[in-house]
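This briefing looks at how two helices pack and at the surroundings of one residue. The sequence and the structure come first, and the notes follow by topic.

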Amino acid sequence: MNRLIHELLLKIGEDPNRTGLKKTPKRFEDSLKFLTKGYKESIEEIIKDSIFDEDYSEMVLVRNIEFYSLCEHHLLPFYGKCHIGYIPDGKIIGLSKLPRIVDVFARRLQVQERLTREIADTIQKYLKPMGVGVVMEAYHLCMAMRGVEKKNAYAVTSALLGVIRSDRRTRAEFLTLIQKNI
């Protein structure tokens, strides 16, 4: 990959041998490996011993999970907050595993819409809760730095499953809770 980045620097009119750029190909390679490490991570490994039997059937919510990802269309970052709620049906997951699930999928080339759905589907698959809700809010540098150049615009996506989707009151509770300042 170092050779590709060296060539890229030449193509944009830079001198890859100048002091500030000599180590850039290696730095870029290391950075890209980190930013896409989700391809090498396994959901099963992350949650392996973290699902517990529990007689609890009220909403569980983790808000403001920070995430960083790369837009698959422009290879530019997008970042923001993810809110996850679920209603257990006999199984709960260690709370720290929810941000880890977010990171596995965020650390891949993504579109926000698919990222939101992958998180919800994963929680549904492993916990089989009565309902799952995932809302993501993100700033996209492909929209801020180029194209329309709107730095304050952000995208909101949601994936609602089970009773969080089908029951109006439960959906309203979820959407209200993710906005509360506690």
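**Arginine 114 and a helix pair**

Once its neighbours within four places in sequence are set aside, arginine 114 is in contact with Glu72 and Leu109. The model is a predicted one, and the points below take up this residue before turning to the packing of helix H5, in which arginine 114 is found.

**Surroundings of arginine 114**

- Arginine 114 has a relative accessible area of 33%, and because this lies between the limits of 20% for buried and 50% for exposed, the residue counts as partly exposed.
- The side chain of arginine 114 is joined to the side chain of glutamine 110 by a polar contact of 3.3 Å.
- Serine 158 lies 44 residues away from arginine 114 in sequence, while the C-alpha atoms of the two residues are 10.0 Å apart in space.

**Packing of H4 and H5**

- Helix H4, which spans residues 97–106, and helix H5, which spans residues 112–127, have axes that come within 10 Å and cross at roughly 135°.
- At that angle H4 is oblique to H5, and the crossing of the two helices is right-handed.
- On the H4 side the contact is made by Leu98, Ile101, Val102, Phe105 and Ala106, and on the H5 side by Leu115, Glu118, Ile119, Thr122 and Ile123.
- Sorted by character, the residues of the contact of H4 with H5 comprise eight that are nonpolar, one that is polar and one that is charged.

Terms used
Residues numbered from 1 in each chain as written. Predicted model: local features only at pLDDT ≥ 70, side-chain atom pairs only at ≥ 80, totals over all residues. Heavy atoms only, no water. Axes fitted to C-alpha atoms, helices over the stretch in contact; angles between N-to-C directions. Helix = DSSP H or I, 4+ residues; strand = E, 2+ residues; numbered from the N terminus. Parallel < 35°, antiparallel > 145°, perpendicular 65-115°, else oblique. Left-handed = near helix turned anticlockwise from the far one by under 90°. Contact = heavy atoms within 4.5 Å. Nonpolar A, V, L, I, M, F, W, Y, C, P; charged D, E, K, R; others polar. Buried < 20%, exposed > 50% of the residue type's maximum accessible area, 1.4 Å probe, protein only. Polar contact = N/O pair within 3.5 Å; in protein donor to acceptor, adjacent residues only side chain to side chain.
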